[in-house]
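Biologist: I should like to go through this protein with you, one question at a time. Please show the sequence and the structure before we begin.

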Amino acid sequence: MSTDPPKAGPLQIGPPERGDLPQRRLLQSIVEVARSVFGAAAASVLLVDEANGDLVFEAVAGEGEHHLLGTRFPGGTGIAGWAMVSGQPVVIDDVAQNTRFARKAAESTGYVPRSIMAAPLICEGDCIGVLEVLDHDSRQRCDLGDMASLGLLATEMATVLELLLRLRSREADRAARPGAAPGPQDGPPLLQRVAERLPLASDHVAATVTKLLVMADELLAGDDG
């Protein structure tokens, strides 16, 4: 049997009663940022279940936010699945004309979008999930264009997820070694990159990013307790 320490895997958020509400609130802030940036009907983070490769809804803002959490689909399903497998962001303005769109899967969620944007969330070289944006508006958002904006936003969101992975690893280490001293608090510098490199700087987006940073502060404070 190998004695190597386990590799940090995808986040498994679990039900709220497990005491991880700060992590859930941080993930929720992530999707609220994405929805705000693109003026979308909905945004979600789907994380990869390492056990079977499924994509699982772990945070949703907008359409489906009250019933989609925990819903899962096979990893290669639809446009989000394509983004996960390919490792590339994708923008589909008319899903009815795209063969990668999984209509039955969309219908099962209770909302069938007209357009979908999806980008892989890459952490330490691995795809740990997908950021998905449904029915973004048509207003001009930045000079980079939708594809580049989405990729940039997903990169920064993956930075936040990297923080959560580090916290989970730290928690596991403390559980294994009850007397261990806390590790360095490297979360805020990571999150500051999110605030500095978002593709929009509107007042509303800035306020949402501020909320994201506050959630991170609360999470770290709870980790110290």
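The exchange below concerns a predicted model and takes up its sheet, its cores, its enclosed spaces and selected residues.

Biologist: In what order do the six strands of the open sheet lie?

Modeller: The sheet is open and its pairing is antiparallel. Strand 3 (72-73) and strand 4 (90-92) each have a single partner strand, so one side of each is left without a neighbour in the sheet. With these two strands at the edges, the order is 3-2-1-6-5-4.

Biologist: How many bridges join strand 5 and strand 6?

Modeller: Strand 6 pairs on one side with strand 1, in the antiparallel sense, through six bridges; there Ala-43 has Val-133 as its bridge partner. With strand 5 the pairing is also antiparallel, and Leu-121 is matched with Gly-129 of strand 6. The number of bridges between strand 5 and strand 6 is eight.

Biologist: Which residue of strand 5 is the bridge partner of Ile-92?

Modeller: Strand 4 stands at an edge of the sheet. Strand 4 and strand 5 are antiparallel and are paired over three bridges. In strand 5, the partner of Ile-92 is Ile-116.

Biologist: Is strand 6 largely enclosed by the rest of the structure or largely open?

Modeller: A residue counts as buried when its relative accessible area is under 20%. Seven of the nine residues of strand 6 are buried. Strand 6 is therefore largely enclosed.

Biologist: Which element supplies the largest share of the largest nonpolar core?

Modeller: This core has 29 residues, and Val-45, Leu-121, Leu-131, Val-133, Leu-150 and Leu-153 have the most contacts inside it. At least two residues each come from helix 1 (21-38), strand 1 (42-48), strand 2 (55-62), strand 5 (116-123), strand 6 (126-134) and helix 4 (145-176). Eight residues, the largest share, come from helix 1.

Biologist: How many residues does the other core have?

Modeller: In soluble globular proteins, nonpolar side chains tend to be buried together. Here another core lies apart from the largest one. Its members include Leu-46, Leu-55, Ala-83 and Ala-105, and its residues number 24.

Biologist: Which residues of strand 6 does Leu-150 contact, beyond its neighbours within four places in sequence?

Modeller: Leu-150 is among the residues with the most contacts inside the largest core. Its contacts include Phe-38, Pro-89, Val-90, Val-91, Met-117, Ala-118 and Ala-119. Strand 6 covers 126-134, and the contacts that fall in this range are Leu-131 and Val-133.

Biologist: Is Leu-26 buried or exposed?

Modeller: Leu-26 is placed in helix 1. Its C-alpha lies 8.4 Å from that of Val-160, although the two are 134 residues apart in sequence. Because its relative accessible area is 0%, Leu-26 is buried.

Biologist: Which element gives the most residues to the lining of the largest cavity?

Modeller: The search of the whole structure finds one cavity of 30 Å³ or more, and about 320 Å³ of space lies in the largest cavity. Its lining has 25 residues, of which Phe-57, Phe-73, Ala-106, Thr-109 and Glu-132 are closest to its centre; by class, 19 are nonpolar, four polar and two charged. Two or more residues come from each of strand 1, strand 2, helix 2 (78-86), helix 3 (103-109) and strand 6. The most, four residues, come from strand 1.

Biologist: Which element supplies the largest share of the lining of the second largest pocket?

Modeller: This pocket has a volume of about 160 Å³. Of its 13 lining residues, Pro-120, Ile-122, Gly-151, Ala-154 and Thr-155 lie nearest its centre, and the lining divides into eight nonpolar, four polar and one charged. Strand 5 and helix 4 are the elements that give two or more residues. The largest share, six residues, is from helix 4.

Biologist: What is the phi of Glu-124?

Modeller: Most residues other than glycine have a negative phi. Glu-124 is in the loop between strand 5 and strand 6, a hairpin with two residues between the strands. Glu-124 counts as exposed because its relative accessibility is 63%. Its phi is positive, near 55°.

Biologist: Is Asp-135 buried or exposed?

Modeller: Asp-135 also has a positive phi, about 50°, without being a glycine. Its place is the loop between strand 6 and helix 4. With a relative accessible area of 7%, Asp-135 is buried.

Notes: Residues numbered from 1 in each chain as written. Predicted model: local features only at pLDDT ≥ 70, side-chain atom pairs only at ≥ 80, totals over all residues. Heavy atoms only, no water. Core = buried A, V, L, I, M, F, W, Y, C linked by side-chain atoms within 4.5 Å. Buried < 20%, exposed > 50% of the residue type's maximum accessible area, 1.4 Å probe, protein only. Contact = heavy atoms within 4.5 Å. 1 Å grid on protein atoms, 1.4 Å probe; cavity = no way out; pocket = protein on both sides within 12 Å on 5 of 7 lines; lining within 4 Å. Points joined across faces, edges and corners; volume = space filled by probe spheres on them. Nonpolar A, V, L, I, M, F, W, Y, C, P; charged D, E, K, R; others polar. Pairing = 2+ DSSP bridges.
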